[in-house]
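Colleague: Could you take me through one part of this model slowly? I would like to look at the sheet and at what packs around it.

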Amino acid sequence: MPLFSVIIPLYNKENYILQTIESVLHQTVADFELLVVNDASTDKSMAVVSQISDPRIKLIENPKNLGLSATRNHGISKASGKIIALLDADDL
């Protein structure tokens, strides 16, 4: 079980999501899982995320657009870490 679960709700942030994920992957604490929850993006966000290869990344897909709060809660429900960290898809 990882210490941290980082939850990133993702909706149409193809221009930012790579930098956001890289900022998480380069943290000095490595005991984490990263859950990217796609909220039915209509751009190429998921194509960008799918190209990143790291076993700590888990991709979760909402079947339809549920909105930010429901998407965060979906990620939290799938998290296995002791501590939950929330990060927006366009933050570093």
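Modeller: Happy to; here is the sheet, followed by the core and two serines.

This is a predicted model, in which local features need pLDDT of at least 70 and side-chain atom pairs count only at pLDDT 80 or more, while totals for chains, interfaces and linings use all residues. Residues are numbered from 1 along each chain as its sequence is written, and side-chain values use heavy atoms, with hydrogens and water left out.

Let's start with the sheet. It is open and parallel, with 4 strands in the order 3-2-1-4. Strands (E, at least two residues) and helices (H or I, at least four) are DSSP runs numbered from the N terminus, and two strands pair if DSSP finds at least two bridges between them. At the edges are strand 3 (57-61) and strand 4 (83-86), each pairing on one side only. From one strand to the next the twist averages 25°, taken between lines fitted to C-alpha atoms, with angles running from 0 to 180 degrees between N-to-C directions. Strand 1 (residues 4-10) and strand 2 (residues 32-38) run parallel and are joined by 7 bridges; here I8 stands opposite V36.

I8 and V36 also belong to the largest nonpolar core, which has 16 residues; they are among the members that touch the most others, together with L10, I17, I21, L34 and I57. Such a core is a set of buried Ala, Val, Leu, Ile, Met, Phe, Trp, Tyr and Cys residues joined through side-chain atoms within 4.5 Å. Strand 1, helix 1 (17-25), strand 2 and helix 2 (45-50) each supply at least two residues, and helix 1 gives the largest share, 4 residues. Not counting residues up to four places away in sequence, L34 touches V6, I8, I21, V24, R56, I57 and K58, where contact means heavy atoms within 4.5 Å.

Now the serines. S5 sits in strand 1 and counts as buried because its relative accessibility is 0%; buried means under 20% relative accessible area, exposed over 50%, partly exposed in between, with a 1.4 Å probe and protein chains only. Its side chain makes a polar contact with the side chain of E33 (2.5 Å), that is, a pair of N or O atoms within 3.5 Å, one able to donate a hydrogen and the other to accept it; residues adjacent in sequence count only if both atoms are side-chain atoms.

S41 lies in the loop between strand 2 and helix 2 and, at 17% relative accessibility, is buried too. The S41 side chain makes a polar contact with the side chain of N38 (2.7 Å) and reaches the backbone oxygen of L10 at 3.5 Å.
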